[in-house]
Amino acid sequence: MGYGFSRADVAFLGGADGRAALAEADGLELTAATHLRDLERARRAFGEHAPAVVETTRLRRKAGAKLRDADGWLFTDDALQQATPTLVARHRATRLAGRAVHDVTCSIGAELAELARVCPAVLGSDLDPVRLDIAAHNLAAAPVLLARADALRPVSTGTAVIADPARRADGRRTHDPARLQPPLPDLLESYAGRDLAVKCAPGLDFDRLDWPGEIEVVSLDGAVREACLWSPGFAAPGVTRRASVLSSTGDPVEVTDADPDDIPDRPPGEWIIDPDGAIVRAGLVRHYAAAHGLWQLDPRIAYLTGDAVPPGLRGFRVVARTDLREKTLRRELARLDAGALEILVRGVDVDPDALRARLKSRGGTPYSLVITRIERTATVFVCVAHRPAG
């Protein structure tokens, strides 16, 4: 849970004495091995403020992997865990550019910072006074208005609304829309008729949701980060599902269910491609395949195949194919002088770690095993993985 910050802590950390303390604390190692020594040093240097100073130093070090342009920010542990990564928030802000926007669960301001770059009027509200104080500190230079308000009691008119309900209930992560905080059904009722974007867990059961607008699944650098529910006023014509594949180093890739999805029914090609998780979660595997001249190994499985790998993607070049019989597979791996094995599985009940231990491949060449089901047959493709240049 981390240290429980108070408003007094935030006021101290944001002042001259707090900034000086944080600059000094930046010299602490804060590792498991130095924990007791660091705490003792902090107590001597910062007195009653030591816990807040140490925790803030620790959180700032963690935040760098998630948030950009956040030097000098304050956090709580929970708020940092829940904060939207900068590139994801920036992507969402592009869809809201030019609008007046109200973030009704603004927390410490990660979304507001990106909205303020492209929106003419930005309002943030939250029930937690500590998080609001932190947001005020973090966004001191941004043209943002902050207010304490219940997300279920609208305090703005004429704005687009975004919300990020907490995904924990009774201390545990939940995928039940009714157990989010605030509950998704209540949130939708409170802003009926408004243009609304709601950030949700990607594990939400979309088919049961019966959402009238667009469901966007977003990944960043290969990890699925979130789903976002866009009300009909935000959705493009004919689009109900979208996958947005974001990268820290390249341009985003977007696929929608308005794109063509006609793909051939052909035997496996030279390459196997494992589509990004956002594409799979959004149910847009065929649409992605059609855009890149690929087809499916099996119509019920998300693996794609083709004669070339789309730019920037990791592909698996097939060098052998066998049924999933361990004796046969072990013999084939010995023939290929297989050593280290990466094992990818879809559609077959296989424990990769247990199978790797049983195969005992001790050769000199690394391979990737793609294990899947084609029609009713569990099949293994022995592949050489190729990563994109750069």
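**Figure 1. Cysteines without partners, starting with Cys-106.** In this predicted model, the cysteine sulfur closest to that of Cys-106 belongs to Cys-119, and it sits 14 Å away, so the two are too far apart for a bond. Cys-106 itself is buried, with a relative accessibility of 3%. Now look at Cys-228: how far is its sulfur from the closest cysteine sulfur? The answer is 7.6 Å, to Cys-200, which is again too far for a bond. Cys-228 is buried too, at 0% relative accessibility. A disulfide is a covalent bond between the sulfur atoms of two cysteines. The cut-off used here is 2.5 Å between the sulfurs, and by that rule the count of disulfides is zero.

**Figure 2. The whole chain, for orientation.** Before more close-ups, here's the overall picture. The chain has 390 residues, and 47% of them count as buried. It holds 14 helices and 18 strands. Taken along the principal axes, its C-alpha atoms fill a box of roughly 70 × 55 × 40 Å. How much of the contact in the chain joins residues at least 24 apart? Taking contacts between residues at least 6 apart in sequence, the share is 64%.

**Figure 3. Helices H2 and H3, packed together.** Two packed helices are described by the angle between their axes and the distance between the axes. For helix H2 (residues 16-25) and H3, the angle is about 155° and the axes are 11 Å apart. That angle is over the 145 degrees cut-off, so H2 and H3 are roughly antiparallel to each other. Their crossing is right-handed. Which residues meet here? From H2 come Ala-21, Glu-24 and Ala-25, and from H3 come Arg-41, Ala-45 and Phe-46. Sorted by class, this contact has four nonpolar residues, two charged ones and no polar ones.

**Figure 4. Helices H3 and H4, packed at a slant.** Stay with H3 and follow the chain on to H4. Helix H3 covers residues 35-46 and helix H4 covers residues 50-63. Their axes are 9 Å apart and make an angle of about 125°, which makes H3 oblique to H4. H3 passes H4 in a right-handed crossing. On the H3 side, Leu-39, Ala-42, Arg-43 and Phe-46 make the contact, while H4 offers Ala-50, Val-53 and Val-54. This contact of H3 with H4 counts six nonpolar residues, one charged and no polar ones. Phe-46 of H3 turns up in the contact with H4 and also in the contact with H2.

**Figure 5. Helix H6 and the glycine just after it.** Why is H6 said to be largely enclosed by the rest of the structure? It is because eight of its 11 residues are buried. Those are Thr-86, Leu-87, Val-88, Ala-89, His-91, Arg-92, Ala-93 and Leu-96. Just past the end of H6 you'll find Gly-98, with a positive phi of about 85°.

**Figure 6. Helix H7 and its surroundings.** Helix H7 (residues 110-118) is mostly covered, with seven of its nine residues buried. The buried ones are Ala-110, Glu-111, Leu-112, Ala-113, Glu-114, Leu-115 and Ala-116. What covers them? The cover includes helix H6 (86-96), along with strands E1 (100-103), E2 (121-126), E3 (145-148), E4 (160-163) and E7 (196-200).

**Figure 7. Some unusual backbone spots in loops.** Most residues other than glycine have a negative phi, and most peptide bonds are trans. Asp-69 has a positive phi of about 55°, though it is not a glycine. Find Asp-69 in the loop between H4 and helix H5 (77-82). Is Asp-69 buried or exposed? It is exposed, with a relative accessible area of 56%. Asp-221 also has a positive phi, near 50°. Its place is the loop between strand E8 (214-220) and strand E9 (223-230), and at 47% relative accessible area Asp-221 is partly exposed. Then there's a cis peptide bond, running from Gln-181 to Pro-182, with omega near 0°. Look for Pro-182 in the loop between strand E6 (172-173) and helix H9 (184-190).

Conventions:
Residues numbered from 1 in each chain as written. Predicted model: local features only at pLDDT ≥ 70, side-chain atom pairs only at ≥ 80, totals over all residues. Heavy atoms only, no water. Buried < 20%, exposed > 50% of the residue type's maximum accessible area, 1.4 Å probe, protein only. Axes fitted to C-alpha atoms, helices over the stretch in contact; angles between N-to-C directions. Helix = DSSP H or I, 4+ residues; strand = E, 2+ residues; numbered from the N terminus. Parallel < 35°, antiparallel > 145°, perpendicular 65-115°, else oblique. Left-handed = near helix turned anticlockwise from the far one by under 90°. Contact = heavy atoms within 4.5 Å. Nonpolar A, V, L, I, M, F, W, Y, C, P; charged D, E, K, R; others polar.
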